[in-house]
Amino acid sequence: MAKDGPAERMKRKDYEKELEKLQVELCHLQDYVRENKLRVIVLFEGRDAAGKGGTIKAITEKVSPRVFRVVALPAPSDREKTQLFFQRYMERFPAGGEIVIFDRSWYNRAGVEYVMGFCTPAEHERFLNLCPQMEKCVIDGGIILIKIWLEVGMDEQERRFKARIDDPVRQWKLSPMDLESFRRWYDYSRARDLMLKKTSTKDAPWNIVRSDDKRRARLNCIAHLLGAIPYKRIKKDKIKLPKRSDKGRYNDQASLKKMSFVAQRY
């Protein structure tokens with residue numbers, strides 16, 4: 001009998017075939033959300049190098065940024081630090097016909113802020129107590145809230161960090177904060193466990209996706225998203241291009257001859 005163990009990593013050809021099918025469905029979902037003025041929040045949390053950015057890119061690369069809006073907030077300004085904690089996130093909440101994807105969210109307070117000492121223990125405890133109440137108000141207000149935690153293993157995170165060190169186009173992803181989070185693996189594990197215990201509720205449960213295999217994780221996230229938002233395909237009239245008008249016809253290329261063009265190096 002074969003031993004239990006991690007599934008073989010998904011091959012690129014298989015991944016791209018399945019991703020294309022799911023991205024078509026995301027376009028149908030987009031039409032339904034826009035026509036019915038739905039308001040949706042999808043938030044992604046997880047350790048550094050868990051695959052949040054790649055998953056969000058797979059979701060958004062074929063859809064309209066006017067419907068699927070990505071929010072990745074920087075550290076709060078001095079002014080924002082004096083606001084109600086949830087305030088700067090609420091400012092980015094969706095209007096009718098929008099899906100807002102948070103690349104990290106208010107749960108920073110349960111993770112990096114808590115572990116790195118950027119908030120006090122009292123502020124952390126207050127957040128964990130108030131967060132379920134806030135999310136219930138959001139849902140009662142008609143917003144669909146989907147919370148996804150990407151769970152990457154210790155060895156895989158180390159492999160990804162080392163790959164970033166050696167890759168000049170990915171080195172920007174490594175910050176001093178990332179390196180410190182790598183050192184404090186178990187501190188983050190305890191913070192994660194407490195967060196899940198306190199904030200995974202009937203109204204707003206956490207959905208955990210194992211992300212050691214990035215391709216499988218992306219597909220599973222998209223499939224979950226499609227299943228979490230009830231939608232139907234919108235029937236559309238077949239599009240037909242109109243005939244170009246010859247009215248006012250002139251040589252519209254001649255006017256460009258004296259302009260400066262970018263050198264054609266490729």
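## Exercises on aromatic pairs and helix packing

W106 is buried, its relative accessible area being 1%. The model used here is predicted.

**Exercise 1.** Classify the ring pair of W106 and Y107 by the angle of its planes.

*Solution.* Start with the search of the whole structure, which finds 14 aromatic pairs. For W106 and Y107, the ring centres are 6.3 Å apart and the planes stand at 35°. Stacked needs under 30 degrees, and edge-to-face needs over 60. The pair is therefore tilted. Next, check the surroundings. Y107 is buried, with a relative accessible area of 1%. Finally, place the pair in its network. W106 and Y107 belong to a cluster linked by ring pairs, whose other members are F85, F86, Y89, F93, F102, F127, W149 and W206.

**Exercise 2.** Determine which helices the pair of F161 and F182 ties together, and the burial of each ring residue.

*Solution.* The ring centres lie 5.5 Å apart with planes at 35°, so this pair is tilted. F161 lies in helix α7 (residues 154–166) and F182 in helix α8 (residues 176–183). The pair thus ties together parts 21 residues apart in sequence. Buried means under 20% relative accessible area. F161, at 4%, is buried. F182, at 32%, is partly exposed.

**Exercise 3.** Describe the packing of α6 against α9.

*Solution.* Take the geometry. Helix α6 (residues 121–140) and helix α9 (residues 185–199) pack at about 40°, with axes 9 Å apart. Their crossing is right-handed. Now list the contact. α6 supplies H124, L128, C131, P132 and E135, while α9 supplies L194, M195, K198 and T199. Sort these residues by character: five are nonpolar, two polar and two charged.

Conventions. Residues numbered from 1 in each chain as written. Predicted model: local features only at pLDDT ≥ 70, side-chain atom pairs only at ≥ 80, totals over all residues. Heavy atoms only, no water. Axes fitted to C-alpha atoms, helices over the stretch in contact; angles between N-to-C directions. Helix = DSSP H or I, 4+ residues; strand = E, 2+ residues; numbered from the N terminus. Left-handed = near helix turned anticlockwise from the far one by under 90°. Contact = heavy atoms within 4.5 Å. Nonpolar A, V, L, I, M, F, W, Y, C, P; charged D, E, K, R; others polar. Phe/Tyr/Trp six-rings, centres within 6.5 Å; stacked < 30°, edge-to-face > 60°. Buried < 20%, exposed > 50% of the residue type's maximum accessible area, 1.4 Å probe, protein only.
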